[in-house]
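Open the model in your viewer and keep the sequence panel beside it. The stops below say what to select and what is there.

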Amino acid sequence: MDLKFINKNSILGLIFGLVIAAFIVVIKFGFDLDKSDFIALISILVNIILVSLIAAVFQKRFTDSRQAKNHIVKEIEEVHRDYKLFTNRLIRDELEHKYILRWFKLMGFRIKHIDYNLKTHFGVEYESISKLHKDYRILLTNSQSFNDTFSQNKLKIDIGLQNTILEDSKNFSHAFLDLIFKVHYC
Amino acid sequence: MIDLIIFKIKDHTEYPGPRYTKQGVFSGEWFYKKHIKDLIDKCLSIGKTLTIDLDGTAGYAASFIDELFGNIVYDFGLDVFKKTIIITSNEEPEWIDLVNDEVVKDWQIKKEKGAPKKPE
């Protein structure tokens with residue numbers, strides 16, 4: 001049974017219907033029912049109402065939480081995808097220095113936005129991505145390659161720096177996946 | 001002390017440059033020599049602070065930040081740096097942390113060792 005369609009109105013309708021049904025039963029058999037039958041009838045009604053309420057409330061909360069998690073996970077995956085794309089283009093010497101500076105700033109904003117939402121809505125504090133982002137920015141923009149080629153059209157990074165960046169990209173992948181698992185299981 | 005001068009990087013360029021002047025325009029070295037050094041002298045002579053605002057640009061290279069603020073520590077000393085310079089950034093406060101946690105210490109050590117400001 002798909003409970004996602006249960007809402008406040010359907011619950012009220014169900015309760016109202018049950019009360020009317022009980023009323024009809026009482027009217028029709030009321031004078032023939034003994035005390036234990038009344039208790040059993042009331043017990044059944046109360047159980048049905050409780051089960052309906054619990055199902056509706058918990059299902060709604062679960063569904064809301066799942067949707068929120070899926071949304072934040074999607075954002076994390078998009079940021080991860082952008083990192084990989086950026087690094088691939090960087091390694092192929094396709095990026096301009098000004099683009100790189102702007103990219104790091106904007107990506108920093110996106111990471112802060114995710115950190116804030118994780119902390120506020122899910123109680124998850126995870127600083128690894130922020131730290132890796134900061135380290136990545138310093139590693140690249142403090143490098144000899146970056147500064148010496150600043151006046152050229154595209155950044156050309158030396159092999160040593162390329163290898164370091166590729167090595168660090170593994171840490172990024174681990175951190176992003178780790179964060180996604182944390183969100184799913186929080 | 002009350003602020004006398006607020007220096008905004010964005011008033012001079014949207015795209016701050018590399019570390020040294022020889023590497024490109026609007027470098028950290030250029031900003032220091034062209035603007036900041038004289039402003040600090042002025043602030044010291046009249047007992048005021050200098051606020052350097054980092055917001056509003058496209059973003060910074062770590063080398064730019066290092067060269068700009070490191071030179072202040074090297075030339076004027078840590079005490080003057082702490083008493084005279086205020087760095088502000090609502091957009092990227094992590095640069096302030098970088099300066100206070102790493103740049104200041106590194107350049108103070110460089111100064112104490114008598115190492116040159118720039119590699120020969």
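How many helices and strands does the secondary structure of chain A come to? Select chain A and color by secondary structure: there are 6 helices and 0 strands, where helices (H or I, at least four residues) and strands (E, at least two) are DSSP runs, numbered from the N terminus.

Before going on, note that this is a predicted model, in which local features need pLDDT of at least 70 and side-chain atom pairs count only at pLDDT 80 or more, while totals for chains, interfaces and linings use all residues. Residues are numbered from 1 along each chain as its sequence is written, chains are lettered from A and ligands numbered from 1 in the order in which they are written, and side-chain values use heavy atoms, with hydrogens and water left out.

**Stop 1: chain A**

Follow chain A from the N terminus and the elements read α-α-α-α-α-α. Show the C-alpha trace of chain A alone; along its principal axes it spans about 100 × 25 × 25 Å. The radius of gyration (taken over C-alpha atoms) is 29 Å for chain A, whereas a compact globule of 186 residues would have one near 16 Å. That globule value follows a rule of 2.2 Å times the number of residues to the power 0.38.

Now show the surface of chain A. About 11,900 Å² is exposed, and carbon and sulfur atoms supply 62% of it; accessible areas come from the Shrake-Rupley method with a 1.4 Å probe, and for residues only the protein chains shown count as cover. In chain A, 32% of the 186 residues count as buried, that is, under 20% relative accessible area (1.4 Å probe, protein chains only).

**Stop 2: chain B**

Hide chain A and select chain B, which has 4 helices and 3 strands. In what order do the elements of chain B run from the N terminus on? The order is β-α-β-α-α-β-α. Chain B has a radius of gyration of 13 Å, close to the 14 Å that the globule rule gives for 120 residues, so it is as compact as a globular protein of that length. Its C-alpha atoms fill a box of roughly 35 × 35 × 25 Å along the principal axes.

Switch chain B to a surface view: the accessible surface comes to about 5,700 Å², with 51% belonging to carbon and sulfur atoms. Buried residues make up 52% of the 120 residues in chain B.

Terms used: Buried < 20%, exposed > 50% of the residue type's maximum accessible area, 1.4 Å probe, protein only.
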